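New to this one? Have a look at the model first, and then we can walk through a few of its parts together.

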Amino acid sequence: MFDLDMIKAVYSAMGQKVGMARNKLNRPLTLTEKILYAHLDKGIEIQSFRRGADYVEFNPDRVAMQDATAQMALLQFMQAGKKKVAVPSTVHCDHLIIAKDGAKADLDAANVTNKEVYEFLSSISNKYGIGFWKPGAGIIHQVILENYAFPGGMMIGTDSHTVNAGGLGMVAIGVGGADAVDVMAGMPWELKFPKLIGIKLTGKMSGWTSAKDVILKVAGILTVKGGTGCIVEYFGPGAETISCTGKGTICNMGAEIGATTSIFGYDKKMSDYLRSTGRAEVADAADSIAANLTADPEVYANPEKYFDQIIEIDLSALEPHINGPFSPDKAWPLSQFAKAVKENDYPQKLEVGLIGSCTNSSYEDISRAASLASQAGDKKLKTKGEFIITPGSELVRSTIERDGFLEIFAKIGGKVLANACGPCIGQWAREGAEKGERNSIITSFNRNFAKRADGNPNTYAFVASPEIVTAMAIAGDLTFNPITDTLINEDGVAVKLDEPKGMELPAKGFFAKDIGYQAPAEDGSKVEVKVDAKSERLQLLDSFPAWDGNDLIGLHLLIKAKGKCTTDHISMAGPWLKYRGHLDNISNNLLIGAVNAFNDKTNAVKNQISGEYVPVPDAARAYKKEGIGSIVVGDENYGEGSSREHAAMEPRHLGVKAVLVRSFARIHETNLKKQGIMALTFAHKEDYDKIQEDDRIDIIGLKNFDPTKPLKAVLHHSNGKSEEIQLNHTYNENQFEWFKAGSALNLIKYSQK
């Protein structure tokens, strides 16, 4: 059991802190407010913070990092001048394992291919007091839920799906590496006080419906940006019927609606999960302050008084959903999906069904899918589509192997991958994907952006529950509805799949011989962290230069991105993951997936020096070589998706001075600010259309910066005409200090001198 003393310390102070906040605000509190007020930075006066307006500093209890983002975060932490992390922190090696031949072969290959990176992460963790989870131990969010998450706690993590821990009643928020460095260095962490969305769940799920369908339904309601700047708090009698891991699934995909995080109040399901995973003492401690680990009764009795938005879902009436393609918020009730497939000409034949990932790899998920796989064998059905299983952790994998589920999957041709992210993040060496053929896959993952899984822009990816994915893989047909339709077995007989059955927790308890954890050295002062100067995968960082004190004049337009531009478009994953520790090398993928608004092409922008169309990174490097600053222009919800700060560090490294968009996704806007790039929005969104391909742009107002006043841009067009537009920003005084210093990290370093 990890960090018990820290958890007890949080709980011992929580009652008093919550009471003070309740008295100061003179009203009942939501669960979200209780946790936030209990984690205010020392010296912050308790007040009724303005939701969606006031920036507030907090002290999170812990930090979590996955291997792809940990590299850059820890390279930055090395510059902070600290001997040890200030809060419990962990690194999880889950992103760099390529899915190809199966669990053992893929893990063995990863240990060879990524040896340099794993040794770096292991040694730097050892030096600075960070817990290290080895390759194969599991996906960060599942491992966190099993070992570290606790009700009422606050955690930040360098992955957007850190929010998964809300399933155990934790305010867990995805951030960029610079934010993690702040907290590991003992600094407070800043967040705009969130708005609150309350989702009341009534009734109880049955049959084919699962927790996944709750968030697929919510995504359809709120869309990919409907939760931006908000924490989603689930409550109601229906919430208490959902397993702890089911709650985790719902919170996990809250990242797909742009929510800051999602959370459930502490209940018996959470207590049962804590006890089942060897944390009875945490459950006992939580039981002792249970009233502070859920909202005050008046809040849930009259939620419209305390939340900014209320959504109500009757779980008894909820039907399974399938979302996609190409966006996780395109929601189809199962009963309407076959019609949608035909009307939209989606490829009807299902090529692959994939279950698992950080979103749906719990014992409950796997047991329900296994019940369907078992039926397929008993009813003489042959799997028509390829079937792939990704366990979320070694604890889950060992347990489902002991209980016979892996054998059941093998009998229908299922392939078990390593306990890692794999296809969910594009780490899938899918045979034939390079041909670019139209095809359909269905997954129990969380995201389905174009090219994300296998690099093929013509792969139509759909998202559903593990049960629906398994049934679809058996059928091999996207129009199949397992609730109503039959399948013809190998004897020529029409058979129907029965409803899936499963168990929330293993009857014999969880089991694993080795969970893959490496504790850090008690004294890491003598541990040496080596980075080869000739390495192609790791590169020590140089500080970004400080602001010169002048307005930004004559910026060359690098790209005007059209439509959806996620962090996958700005800094692709897949094969580029191997360069996550080498800023210069990974910068060669800068914005190569973004669509140029002037020619509707990707990775083809006009170099204003030569007049030629070149790859985006080439244009950026050309401007940087000549000492010319550049600017990126984007559309709505720019930077949605992954928390990867590479999408902010790469443009900074290649000379981008400002990013101007119609609207930002939360994490990306913060990442840009932290790295010293001006993050700006059009005051009038239609001004996006005024940006021309050969524009030189001035950003005016920085020399006399006032957080309460907008800035302006002067657009100098190639025809000799100029026009002025107004720019909004969300900088406060502290954040502008990041810009002045060149980055937030520079401020930390300066404070050590």
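What follows is a short tour of two sheets, a helix pair and two single residues. Keep in mind that this is a predicted model.

**The open sheet**

Let's start with a sheet of six strands, which is open and has mixed pairing. Reading across it, the strand order is 6-5-2-3-4-21. At the edges sit strand 6 (171-174) and strand 21 (517-518), each of which pairs on one side only. Further in, strand 2 (residues 62-66) and strand 3 (residues 89-92) run parallel and are joined by four bridges. If you want a spot to click on, try Gln 66, whose bridge partner in strand 3 is His 92.

This sheet also has a helix lying across some of its strands. Helix 7 (residues 177-184) crosses strand 2, strand 3 and strand 5 (154-157), and its direction makes an angle of about 140° with strand 2.

**Thr 162, in a loop beside that sheet's strands**

Between strand 5 and strand 6 there is a loop, and Thr 162 is found in it. Is Thr 162 buried or exposed? Its relative accessibility is 4%, so Thr 162 counts as buried, the cut-off for that being under 20%. The side chain of Thr 162 reaches the backbone oxygen of Asp 159 at 2.6 Å. Leaving out residues up to four places away in sequence, Thr 162 touches His 141, Met 155, Ile 156, Gly 157, Ala 172, Ile 173 and Gly 174.

**The barrel**

Now for the other sheet. Here seven strands close into a barrel, in the order 22-25-26-27-30-29-28, and the pairing is again mixed. On average, neighbouring strands in this barrel are turned by 40° against each other, ignoring direction.

In general, strands of a sheet pair through backbone hydrogen bonds, in either a parallel or an antiparallel way. Here are two pairs from the barrel, with one bridge from each:

| Strand pair | Sense | Bridges | Example bridge |
|---|---|---|---|
| Strand 26 (residues 656-661) and strand 27 | parallel | four bridges | Ala 658 with Met 678 |
| Strand 28 (residues 696-700) and strand 29 (residues 711-716) | antiparallel | five bridges | Ile 697 with Leu 715 |

Strand 27 (residues 678-682) deserves a second look: five of its five residues are buried. Which residues lie on each face of strand 27? Met 678, Leu 680 and Phe 682 are on one side, while Ala 679 and Thr 681 are on the other, and both faces are covered.

**A pair of helices**

Next come helix 10 (residues 268-276) and helix 11 (residues 280-288), which pack at an angle of about 155° with their axes 7 Å apart. Angles over 145 degrees count as roughly antiparallel, so that is how helix 10 and helix 11 are arranged. Where they meet, helix 10 brings Ser 271, Leu 274 and Arg 275, and helix 11 brings Ala 280, Val 282, Ala 283, Asp 284 and Asp 287. Sorted by class, this contact has four nonpolar, one polar and three charged residues.

**His 569, our last stop**

Finally, find helix 18 (residues 567-570), where His 569 sits. His 569 has a relative accessible area of 17%, so this residue is buried too. Its side chain makes a polar contact with the side chain of Thr 566, at 2.9 Å. Setting aside neighbours within four places in sequence, His 569 is in contact with Lys 564, Leu 591, Ile 592, Gly 593 and Ala 594.

How values were computed:
Residues are numbered from 1 along each chain as its sequence is written. This is a predicted model: local features need pLDDT of at least 70, side-chain atom pairs count only at pLDDT 80 or more; totals for chains, interfaces and linings use all residues. Side-chain values use heavy atoms; hydrogens and water are left out. Two strands pair if DSSP finds at least two bridges between them. Helices (H or I, at least four residues) and strands (E, at least two) are DSSP runs, numbered from the N terminus. Contact means heavy atoms within 4.5 Å. Axes are lines fitted to C-alpha atoms, for helices over the stretch in contact, and angles run from 0 to 180 degrees between N-to-C directions. Buried means under 20% relative accessible area, exposed over 50%, partly exposed in between (1.4 Å probe, protein chains only). A polar contact is a pair of N or O atoms within 3.5 Å; within protein, one must be able to donate a hydrogen and the other to accept it, and residues adjacent in sequence count only if both atoms are side-chain atoms. Angles under 35 degrees count as roughly parallel, over 145 as roughly antiparallel, 65 to 115 as roughly perpendicular and the rest as oblique. Ala, Val, Leu, Ile, Met, Phe, Trp, Tyr, Cys and Pro count as nonpolar, Asp, Glu, Lys and Arg as charged, and the others, Gly among them, as polar.
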